[in-house]
Amino acid sequence: MNIAISSDHGGNNLRKEIMALLDELAISYEDFGPQSNDSVDYPDYAKPVCDGVASGKFNRGILICGTGIGMSIAANKVKGIRCALVHDVFSAKATRCHNDSNILAMGERVIGPGLAREIAEAWLNTQFEGGRHTRRVEKITELEG
């Protein structure tokens, strides 16, 4: 598995925590920054992750900002992206099983590092169930036009 990861300034600390988890799990990733805590615009940091996932260069992506809301909105504007904003383990598993989400968004100001690690690990380790869910995901894709 190959992951693209990024944040804005509001998610910088949690991004580093998730990169440490990826290292522990021996999951390959590319960090798209930012490399400082200076204020940045989250769409600029969502775009390379989304483009990389949509093109197939990366299997999945992780985006983090203060709430996760801005990143998830920006991500879902990119064709081929199914980004889920998640703040609990059950939803992390459900969005992989049922929605085949390919990007996970989280908010550093909403959840702590321990829970974020549990969410990310559950999301990374859960597979898409297919079956009746395939038809629904295909209908989501049709909405992209």
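The largest pocket here holds about 150 Å³ of space. Keep in mind that this is a predicted model. Beyond the pocket, there is one aromatic pair to look at, an arginine lying over a tryptophan ring, and a set of cysteines with zero disulfides among them.

**The largest pocket**
- Which residues line the largest pocket? They are N76, K77, V78, K79, I81, R82, T95, N99, I140, L143 and E144.
- Two helices, α4 (89–99) and α6 (132–143), each put at least two residues into that lining.
- By character, the lining is a mix: four residues are nonpolar, three are polar and four are charged.

**Aromatic rings**
- A pair of aromatic rings is described by two things, the distance of the centres and the angle of the planes.
- Searching the whole structure turns up one aromatic pair, and its partners are F32 and F58.
- The rings of F32 and F58 meet edge-to-face, with 5.9 Å centre to centre and 85 degrees between the planes. An angle over 60 degrees is what earns the edge-to-face label.
- Where do the two partners sit? F32 is in the loop between β2 (28–31) and α2 (42–55), while F58 is in the loop between α2 and β3 (60–65), so the pair ties together parts that are 26 residues apart in sequence.
- F32 is partly exposed, because its relative accessibility is 23%, whereas F58 comes out at 4% and so counts as buried.
- Another ring has a charged neighbour: R60 lies over the face of W123, 5.1 Å from the ring centre.

**Cysteines**
- How many disulfides does the structure hold? The count is zero.
- C83 is in no disulfide, and the nearest cysteine sulfur to it belongs to C50, 6.7 Å away. A disulfide would need the two sulfur atoms within 2.5 Å, so this gap rules one out.
- C83 has a relative accessible area of 11%, which means that C83 is buried.
- C97 is in no disulfide either; the nearest cysteine sulfur is that of C83, at 17 Å.
- Is C97 buried or exposed? With a relative accessible area of 16%, C97 is buried.

**A long-range neighbour pair**
- K16 is part of helix α1 (residues 12–24), and at 43% relative accessibility K16 counts as partly exposed.
- In sequence, K16 and P113 are 97 residues apart, yet in space their C-alpha atoms are 9.8 Å apart.

Note on methods. Residues numbered from 1 in each chain as written. Predicted model: local features only at pLDDT ≥ 70, side-chain atom pairs only at ≥ 80, totals over all residues. Heavy atoms only, no water. Phe/Tyr/Trp six-rings, centres within 6.5 Å; stacked < 30°, edge-to-face > 60°. Helix = DSSP H or I, 4+ residues; strand = E, 2+ residues; numbered from the N terminus. Buried < 20%, exposed > 50% of the residue type's maximum accessible area, 1.4 Å probe, protein only. Lys NZ or Arg CZ within 6 Å of the ring centre and 35° of its normal. 1 Å grid on protein atoms, 1.4 Å probe; cavity = no way out; pocket = protein on both sides within 12 Å on 5 of 7 lines; lining within 4 Å. Points joined across faces, edges and corners; volume = space filled by probe spheres on them. Nonpolar A, V, L, I, M, F, W, Y, C, P; charged D, E, K, R; others polar.
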